[in-house]
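Colleague: Got a minute to walk me through this one? I'd like the overall picture, then some details.

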Amino acid sequence: MYIKRHLEAQILESSKYYPVVMVCGQRQVGKSTMLNQLRESGRRYVTLDDMNARRLAEQDPGLFLETYGAPLLIDEFQRVPSLLLEMKRIVDQAALNGEEANGRYWLTGSQKFSMMREVSESLAGRVAVFDLSSLSVSEIEGRPARLFHPSLEALRERLVETSPPLQPAADRGSDAEIASQFRTAEDSKPKDIHQIFHQIFRGGMPKLVATNIDRERYYMDYVNTYLERDIKDLAQVGNLSTFYDFLVFIAARTSGELRYDEIANAIGVSAPTAKAWVSILERSGVVYILRPYYSNVTRRLVKTPKIYFMDTGLAAYLCRWPSAETLEYGAMDGAFFETWVVSEIVKSYYNAGKRPDLYYYRDTDKKELDLLIVEGDKLYSIEIKKSKAPAHPDKNFGVLDKFHLEVQPGIVLCMCDEILPYNRNTWLVPVSVL
């Protein structure tokens, strides 16, 4: 069963104006499924996981593209990035001849780190690049696409869309754990914290959402596939067992500060190796790196970034949490709740075809704000709290006055049921707006 993706409209629109459209993202998030769902009847499909196709692409790129023709969908494109030079030649020649070149090639790849270098060198101005992550809450519940915006007006509009919620797009089976994630039109109450942690625990991988496959088996196979197919070929990774330990360590630090020396000491690798491995996770879409916000106004800000897993189910599996209940009441409950909120906001940007312009704040006085969004001269601040009525959620919002920007009312994303003022400058907002 196919679950409609919010990125579909962006793909089809960009295909009208760009010769090449590229969709990047971690394994099994639905890149190939989405493009195969969208492709017109005349667009051929080829995967470079096929040994014969890959051999031809490597040995004679011109003959490969001539054989499969256009329009063409190429899956796992990162396996032969040298094809880009031949694509550039074909696209440029078509433009010189006055031929229609837009939408000629659609590409997918799970190793964006090897693709982007070639793209910047070969197809600058000729390619539209998109990121796709696991399913967002809006996609799972069949709600319309909307970029997250922290203004009160936008949040109120979003809350109207989510109450009452829509039913799932299709019957996904009788599994009780899956069914508990969804609400019917008769039940207008937002999800409670138990339902949210069931969703956090299971994650948003399309196969897990759409079927009753065993979660433990799925993630075990996923990690083995990721290590064997993506990591094994990289020169920076010599020992897959050590890299697995690194994955577990990073999962246990989700929503925390990213300190390479700490990783190196714990795993037994050098700090440069730890940094290279984090870069692999970031560029392959497994994690999102949240940079700190700072300006020339002050030098007191901590410049250490924070790291978030983009799929909370994968992080929970790596940390060996046995159930949603133990995760909810465990020591990492706040970290996973924050990770889920941040990843949902990032996904809303990806699904709108935009680059997330997100930051966090922390200074040497240990004052911290979970998210900052800068929009022109406006500065929006967001705190993330698991509780229904958080205590003193506004205590750090005042630190932003030093930036001399137009600071907007602070937003506290929490488990409250409706948008309410905490005071004149701070608003409590339910996480159901995500």
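Modeller: Sure. Buried residues make up 55% of the 434 residues in the protein. Keep in mind that this is a predicted model.

Colleague: How many helices and strands are there in the protein?

Modeller: It has 18 helices and 15 strands. As for contacts with a separation of 6 or more, 67% of them are between residues 24 or more positions apart.

Colleague: And what does the accessible surface come to?

Modeller: About 18900 Å², and carbon and sulfur atoms account for 49% of that.

Colleague: Let's talk sheets. What's the strand order in the open sheet of 5 strands?

Modeller: The order is β2-β3-β4-β1-β5, and the pairing is parallel. β2 (44-47) and β5 (127-131) are the edge strands; each has a single partner, so one side of each has no neighbour in the sheet. From one strand to the next, the twist averages 15 degrees.

Colleague: How many bridges join β1 to β5?

Modeller: There are 5 bridges between β1, which covers residues 20-24, and β5, and the two run parallel. One of the residues involved is V20, whose bridge partner in β5 is V127.

Colleague: Switching to cysteines. How many disulfides does the structure hold?

Modeller: It holds 0 disulfides.

Colleague: Why is there no bond between C414 and C416?

Modeller: The C416 sulfur is the closest cysteine sulfur to that of C414, but at 3.5 Å it's too far for a bond. The cut-off for a disulfide is within 2.5 Å.

Colleague: Is C414 buried or exposed?

Modeller: C414 is buried, because its relative accessibility is 0% and the cut-off for buried is under 20%. C24 also counts as buried, at 0% relative accessibility.

Colleague: OK, helices now. Why do you call α10 largely enclosed by the rest of the structure?

Modeller: Because 8 of its 10 residues, in the stretch 193-202, are buried.

Colleague: Which residues of α10 are the buried ones?

Modeller: I193 and I196, then F197, H198, Q199, I200, F201 and R202.

Colleague: What caps the N-terminal end of α10?

Modeller: D192 does that: one of its side-chain oxygens lies 3.0 Å from the backbone nitrogen of H194.

Colleague: And what follows α10?

Modeller: G203 comes next, with a positive phi near 85 degrees. So, going along the chain, you have D192 as the N-terminal cap, then helix α10 at residues 193-202, then G203.

How values were computed:
Residues are numbered from 1 along each chain as its sequence is written. This is a predicted model: local features need pLDDT of at least 70, side-chain atom pairs count only at pLDDT 80 or more; totals for chains, interfaces and linings use all residues. Side-chain values use heavy atoms; hydrogens and water are left out. Buried means under 20% relative accessible area, exposed over 50%, partly exposed in between (1.4 Å probe, protein chains only). Two strands pair if DSSP finds at least two bridges between them. Helices (H or I, at least four residues) and strands (E, at least two) are DSSP runs, numbered from the N terminus. Axes are lines fitted to C-alpha atoms, for helices over the stretch in contact, and angles run from 0 to 180 degrees between N-to-C directions. Contact means heavy atoms within 4.5 Å. Accessible areas come from the Shrake-Rupley method with a 1.4 Å probe; for residues, only the protein chains shown count as cover. A polar contact is a pair of N or O atoms within 3.5 Å; within protein, one must be able to donate a hydrogen and the other to accept it, and residues adjacent in sequence count only if both atoms are side-chain atoms.
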